[in-house]
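This report concerns the predicted model displayed below. The sections that follow take up its core, its ligand shell, a pair of helices and two glycines.

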Amino acid sequence: MGVLKNIAILATIGSITYVTRRCLIGRRYCSSRKFDNKELIIVTGCTSGIGLAVVKELGSRNCHLVLGCRNLDSGEKTRQLLIKQFGNDILVDVFHVDFCCLSSIAGFAKRITDLQKPIYALVNNAAIFYHTPQQTIDKLEQTFQVNYLGHFLLTLLLLPTLKQCTIGARIVNLVSKAHLAAQVCPDLELHEKFEDTPNNRFRAYQYSKLCLVSFAYKLSSLLAKSSVSVHCVDPGNVETAIYRDFPQLSNKVSFYLQKPIRLLTVKTPYEGAQAVLYAILENQAPRFYIKEFSSQQDESGEINPIAKNPVLGDSLWTLSRQLCHLTHFSQLNKVQ
Ligand SMILES: NC(=O)c1ccc[n+]([C@@H]2O[C@H](COP(=O)([O-])OP(=O)(O)OC[C@H]3O[C@@H](n4cnc5c(N)ncnc54)[C@H](OP(=O)(O)O)[C@@H]3O)[C@@H](O)[C@H]2O)c1
């Protein structure tokens, strides 16, 4: 009787946990899509978290994966993991890129274009959160450069190669609902170095993601008549190493105290990757802003209105080009 009672208790807890997680976290994205011609997919920051979960899911889809990694050893480990899981037929290249360095990004873009292959998808995923304010080698603030400006540069450098894709290329930016809290754009105070306070560290992340949404919004309208579509994906709250600098989670005691609630409400990297996979694999290019891939609802209300303001969008775009020294790249003056 005692054993049956324990089984019943466990079954009840299991069912409640399953239903709660299903309601809060959503379901898995199902697609049987496989590519025909080893289509090229670039993913930045795929040695951990959501990026790693994305490439592990793409491994079985007959595509050519380029992993953009700042640590080549971790990149090679990821490559070996994919080979072990999917066999020697899988086509994976590991290229170095450090988003703290604009010339490294230009070098990464060159290695990709040297493959002389159209790009099907560019997944702008690498990012940092709640980082100590620090200047990069380019004299720009690290969170601003890694999360936004570096991906702005990479996207524009790869745009001609994305346009060559005949099946409709996709640019997928990993954003966050944190962007809704940013109130100023462009915010020059956060471009170089700011005073290290908890509030400013949050602001830097929120601002970097607002810039990414604003850039994507403008690019999407510029590319409206082309075959390239642009998407922003908010993966929700996901248990990854991105919180390594955040005191409430980097502190072991506080982490384990919150664990039961986090188990119910926070996504695993695999779950966090679902909307990204949807943006890449859906047969028809999906909507611009994706939060719940399973929802048919218009999610444009999730976008900070600042990101849709054309005047602010133009200022950020012009400033970003200047910061990347792109003004002399004549082929990038015309995006359409
Ligand atoms: N986790 C969440 O709750 C959450 C919520 C909303 C949005 N997002 C977004 O989702 C994306 C993925 O985040 P995640 O949670 O999966 O984080 P993560 O596990 O920390 O992964 C971030 C990746 O970015 C790479 N990276 C960091 N700085 C880099 C640099 N300077 N150059 C090149 N690569 C660099 C990291 O490489 P190393 O391994 O070398 O550090 C790592 O591979 C990010 O854009 C993030 O803003 C996450």
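## Nonpolar core

V276 touches seven residues beyond its sequence neighbourhood of four places: I50, V54, V123, V172, L174, V233 and P235. V276 is also, together with I41 and V54, one of the residues with the most contacts inside the largest nonpolar core of this predicted model. That core comprises 87 residues. V54 thus appears both as a contact of V276 and as a residue with the most contacts inside the core.

In soluble globular proteins, nonpolar side chains tend to be buried together.

## Ligand shell

The shell around the ligand consists of 26 residues, of which G45, G49, A127, T240 and I242 come nearest. Its largest share, three residues, is supplied by helix α2, which spans residues 49–58.

By class, the shell is made up of 13 nonpolar, 11 polar and two charged residues.

## Packing of helices α5 and α6

Helix α5 (residues 142–163) and helix α6 (residues 198–222) have axes that come within 8 Å and cross at roughly 10°. Because angles under 35 degrees count as roughly parallel, α5 and α6 are therefore roughly parallel to each other.

On the α5 side, the contact is formed by T143, F144, N147, Y148, H151 and F152. The α6 side contributes A204, Y205, S208, K209, C211, L212 and F215. Sorted by class, the contact of α5 with α6 contains eight nonpolar, four polar and one charged residues.

## Two glycines in helices

G272 belongs to helix α9, which covers residues 269–272. Is G272 buried or exposed? G272 counts as buried because 23 C-beta neighbours lie inside 10 Å, and the cut-off for burial is 20 or more. Outside the four nearest places in sequence, G272 touches I50, A53, P235, G236, V238 and K267. Two of these, I50 and P235, are also touched by V276. Between G272 and N237 the C-alpha to C-alpha distance is 7.6 Å, although 35 residues separate them in sequence.

G107 is located in helix α4 (residues 102–113). G107 has 15 C-beta neighbours inside 10 Å and therefore counts as partly exposed, a class that lies between 12 or fewer for exposed and 20 or more for buried. The C-alpha atoms of G107 and I9 are separated by 58 Å, and these residues are 98 residues apart along the chain.

Technical notes: Residues numbered from 1 in each chain as written. Predicted model: local features only at pLDDT ≥ 70, side-chain atom pairs only at ≥ 80, totals over all residues. Core = buried A, V, L, I, M, F, W, Y, C linked by C-beta atoms within 7 Å. Contact = placed C-beta atoms within 7 Å. Near = placed C-beta within 6 Å. Helix = DSSP H or I, 4+ residues; strand = E, 2+ residues; numbered from the N terminus. Nonpolar A, V, L, I, M, F, W, Y, C, P; charged D, E, K, R; others polar. Axes fitted to C-alpha atoms, helices over the stretch in contact; angles between N-to-C directions. Parallel < 35°, antiparallel > 145°, perpendicular 65-115°, else oblique.
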